[in-house]
4 protein chains.
Amino acid sequence: MTPLNPHYQEVIRAIFSQAGFISALGIQLHNLGPGWCETELMVTPQHRQQNGFIHAGVQATMADHTAGGAAATLMPEGKIVLTVEFKINLLRPAVGERLRCRADVVKPGKTISFVEAAVYTLQNEEAKLVSKLVTTMTFVPVKP
Amino acid sequence: MTPLNPHYQEVIRAIFSQAGFISALGIQLHNLGPGWCETELMVTPQHRQQNGFIHAGVQATMADHTAGGAAATLMPEGKIVLTVEFKINLLRPAVGERLRCRADVVKPGKTISFVEAAVYTLQNEEAKLVSKLVTTMTFVPVKP
Amino acid sequence: MTPLNPHYQEVIRAIFSQAGFISALGIQLHNLGPGWCETELMVTPQHRQQNGFIHAGVQATMADHTAGGAAATLMPEGKIVLTVEFKINLLRPAVGERLRCRADVVKPGKTISFVEAAVYTLQNEEAKLVSKLVTTMTFVPVKP
Amino acid sequence: MTPLNPHYQEVIRAIFSQAGFISALGIQLHNLGPGWCETELMVTPQHRQQNGFIHAGVQATMADHTAGGAAATLMPEGKIVLTVEFKINLLRPAVGERLRCRADVVKPGKTISFVEAAVYTLQNEEAKLVSKLVTTMTFVPVKP
């Protein structure tokens, strides 16, 4: 049994509010629960690559960080979450006004968690899957 | 034989200058040649995650885009380069004043290229490997 | 729209019956339909690694080949399917009498398809998820 | 500093001799040292996929197991090595009389190691790179 961190709501909020890169991109925590996390992003020209599509790095950052949030809901107290590795598949060129991401822990663990995330573009209320990420995350002790 | 794009210098410069996300992050083209590309980034608080380390998404964006630059040096004319998928391994928490990235095409192709990239932190003239990325990129026709 | 190969039933049966490695391992086609494929394997000592668990390579082979079967149900005529790359996560040490695998095409395409597969151990009628694979597959012309 | 297991020669030999799947495939330990391992395989029709190429699963098994051997040269005593995840890129259809694999530990650790491996076909004394694998491996205590 993986223990549920009783303070996970505030832990995950801090993971978002204290990450300068996430604030700079405009990625916002949307919803969360034990083993999952959802985020949103309003797309601007600063998120684009050279052909006008939403940059793979924006999608990867959003999916990685949302996966970290999902993992941290099941993280033992006194630990922090770090990404060991991730893989992302870009299924189609991404165009849209907003991005939404949903991450789910597939296999929780005390030191290693396996998490999946999906990124969708939202345009005129239509959601389209644009990328999928799988990641291995680890929990390490907080350094004093 | 993979043809060398005779205009690759200007093609790759445009891939960097016209990508809003790359400018916003401060990723700069450092050097390039047939089958390879190098970039640099001055680290600021806006590149950090919640524990003060350089965000995995910054490293992934830099490695992905530099790999795209490397692939595009061997890209047929009239095409653009898109990321099909990538995987990144974060080898250690990244701390430093600057990031440097080097990407090399391992297997070029007419429609699919396999590229590797490495990201280093630079601190007091010492380079330390912090992440490695492998990626599949594809060349598609420019839409009119 | 991705065209459905009208002869996909016989195409996929040949992909299994003509692959020496698949026969040698004992991987059997169980069921298939447009965009998906299922296989089974009776586990023997020849499938084990040094600690008695089912080898990661057995799981990877089964998931890769089943994914190829799923992709080929949507493959244009006159083409063959080849694996560009795959990533597999081993969620727990695998122990059991039988393996079952299910693969689904997530994003079909004319030349590149993105497929996911899951491998389960079956023991006393209980199925347990042991590994998940994601893969990029490509369709290339048959050489005369 | 990662400690070097003083008995690593015999540990790695056992990892090969006691793995039924490795013996069944004919994968042989060729050479090893601290942080690296090399293997060889004589190709037979039982290693092929449906078009006559060496199956991706054969290459993945060889690269994964050789990477496990390389990781285990730096494994603490009283532990065993397990694969957390791997990704393999198949660079070209593989044809040849023999396969050779070389694995190198890129980032050793006490519980998690990052390893790379390359697979080559050998034909008439010419070696050709056919696939590259990256993997995350973990060391866990031996269960009594």
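## A loop residue in chain A

A:V95 sits in the loop that links β3 (79-90) and β4 (98-107) of chain A; strands here are DSSP runs of E, at least two residues long, numbered from the N terminus. This is a predicted model, in which local features need pLDDT of at least 70, side-chain atom pairs count only at pLDDT 80 or more, and totals for chains, interfaces and linings use all residues. Residues are numbered from 1 along each chain as its sequence is written, while chains are lettered from A in the order in which they are written.

Is A:V95 buried or exposed? A:V95 counts as partly exposed because 14 C-beta neighbours lie inside 10 Å (20 or more other C-beta atoms within 10 Å would make a residue buried, 12 or fewer exposed, with C-beta atoms placed from the backbone). Leaving aside residues up to four places away in sequence, A:V95 touches A:F53 and A:T121, where contact means C-beta atoms, placed from the backbone, within 7 Å. The C-alpha atoms of A:V95 and A:Y120 are 9.9 Å apart, with these positions 25 residues apart along the chain.

## How chains A and C are related

A turn of 180° with a shift of 0.0 Å along the axis lays chain C on chain A with an RMSD of 0.0 Å (least squares on C-alpha atoms of residues with pLDDT of at least 70 in both copies). That is the relation of a two-fold axis.

## Where they meet

Chain C and chain A each bring 8 residues to the contact. On the chain C side, β3 (79-90), β4 (98-107) and β6 (126-141) each supply at least two of them.

Terms used:
Two residues are in contact if their C-beta atoms, placed from the backbone, lie within 7 Å. Helices (H or I, at least four residues) and strands (E, at least two) are DSSP runs, numbered from the N terminus.
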